[in-house]
Amino acid sequence: MENGAKYQMNPFASSVMVGFVVALGGPVVAQALPDAAMSCAGPKVQGGFLICSLPADASTYTLVSSTGMKVEISGEHPALIPFGRNADLQVSLTVEGQPDIPPTRFTLEAGAWAIERIDGLPPSKVTPRTPEQQQKVAADWTKKQTAWSHRAPASWFADGFVEPVVASRTSGVYGSQRILNGTPRNPHLGLDFAAPTGTKIIAPATAKVVLAEPDMYFEGGLLVLDHGAGVMSVMLHLSRIDVRVGEQVEQGQTIGAVGMTGRATGPHLHWGIKVRDTYINPRLVLDFSN
Ligand SMILES: [Zn+2]
């Protein structure tokens, strides 16, 4: 079932323009982008991102961001440049191998983060204790590394996202400082949707399934979807998984069900969006899609 508003993105009509604008008729620019301009749009804030596009007939370039990201862009495939929760506020973008194109510089807005206390977790789910638990965590880690290295040759992420659980309540937001059983831990880098166990989960955007594991130590039932070029949805605590690794899923397709497997105190879907090594704010992705 198709669900939610169809995404309307015209990067060239955006209010946020950063362009590698090269004057074709100006002073000689030896290796300028032939098509003269790239435009980018997106929330310039910690946890945000830019989606950059080139005209349809452009060739392939590599964008380098001062946040440590290198990403390919072409006329066929837009690029998503992520800004992490703790990203430096001063960002510059350059085009690799094109020294004549001046960097584009801009300033990110600082994020505002909540503090969340979660008590009553079983202590072994905060820090694994036994050798068996630690071995399980290590084996899970290896499986995840394989998934993270996937790069679907597509840019489905640029067609927009819908909420993966319809009619749910947001029970956790991106960026919160978490205090688990009284101890400060890593910040929360996803969005939590509270809903009864068994509530269907739909694909938020078209994707290739790159990990489908019913029983990870922390994550419980875990699904990882590649929306193109390593822009991934990471979905935790599922009670049921309906898809297999290698399968392509369409936006709106049912892919599993909400649960409370792994480290969870109640039934909910944790949805993270991981762009190579950086988690961005799924709420900003949804807002940008509408
Ligand atoms: Zn969560």
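What is the accessible surface of the protein chain, and what share of it belongs to carbon and sulfur atoms? In this predicted model, the accessible surface comes to about 13,200 Å², and carbon and sulfur atoms contribute 53% of that area. Of the 290 residues in the protein chain, 52% are buried. The secondary structure consists of 3 helices and 21 strands. Among contacts with a separation of 6 or more, 66% link residues that lie 24 or more positions apart in the protein chain.

Confidence in the model was examined next. The average pLDDT of the protein chain is 86, and 87% of the residues score at least 70. Residues 1-32 have a pLDDT below 50. In the model, this stretch nevertheless has 74 contacts beyond near neighbours in sequence.

One of the sheets was considered in detail. Four strands are arranged as an open sheet in the order 4-3-6-7, with antiparallel pairing. Strand 4 (69-73) and strand 7 (104-107) form the edges, each pairing on one side only. On average, and with direction ignored, neighbouring strands of this sheet are turned by 20 degrees against each other. Strand 6, which covers residues 90-95, pairs with strand 7 in the antiparallel sense. This pairing runs over 4 bridges. Within strand 7, R105 is the residue that S92 stands opposite.

Backbone geometry was then considered at two loop residues, N181 and R276. N181 has a phi near 50 degrees, a positive value in a residue other than glycine. This residue, N181, is located in the loop that joins strand 10 (177-180) to strand 11 (183-184). The relative accessibility of N181 is 30%, so N181 counts as partly exposed.

For R276, phi is likewise positive and near 50 degrees, again in a residue other than glycine. R276 sits in the loop between strand 20 (268-275) and strand 21 (278-280). Is R276 buried or exposed? R276 is buried, because its relative accessible area of 14% falls under the 20% limit for that class. The two loop residues thus have phi values near 50 degrees, while N181 is partly exposed and R276 is buried.

Terms used. Residues are numbered from 1 along each chain as its sequence is written. This is a predicted model: local features need pLDDT of at least 70, side-chain atom pairs count only at pLDDT 80 or more; totals for chains, interfaces and linings use all residues. Side-chain values use heavy atoms; hydrogens and water are left out. Buried means under 20% relative accessible area, exposed over 50%, partly exposed in between (1.4 Å probe, protein chains only). Contact means heavy atoms within 4.5 Å. Accessible areas come from the Shrake-Rupley method with a 1.4 Å probe; for residues, only the protein chains shown count as cover. Two strands pair if DSSP finds at least two bridges between them. Axes are lines fitted to C-alpha atoms, for helices over the stretch in contact, and angles run from 0 to 180 degrees between N-to-C directions. pLDDT is the predictor's confidence in each residue, from 0 to 100.
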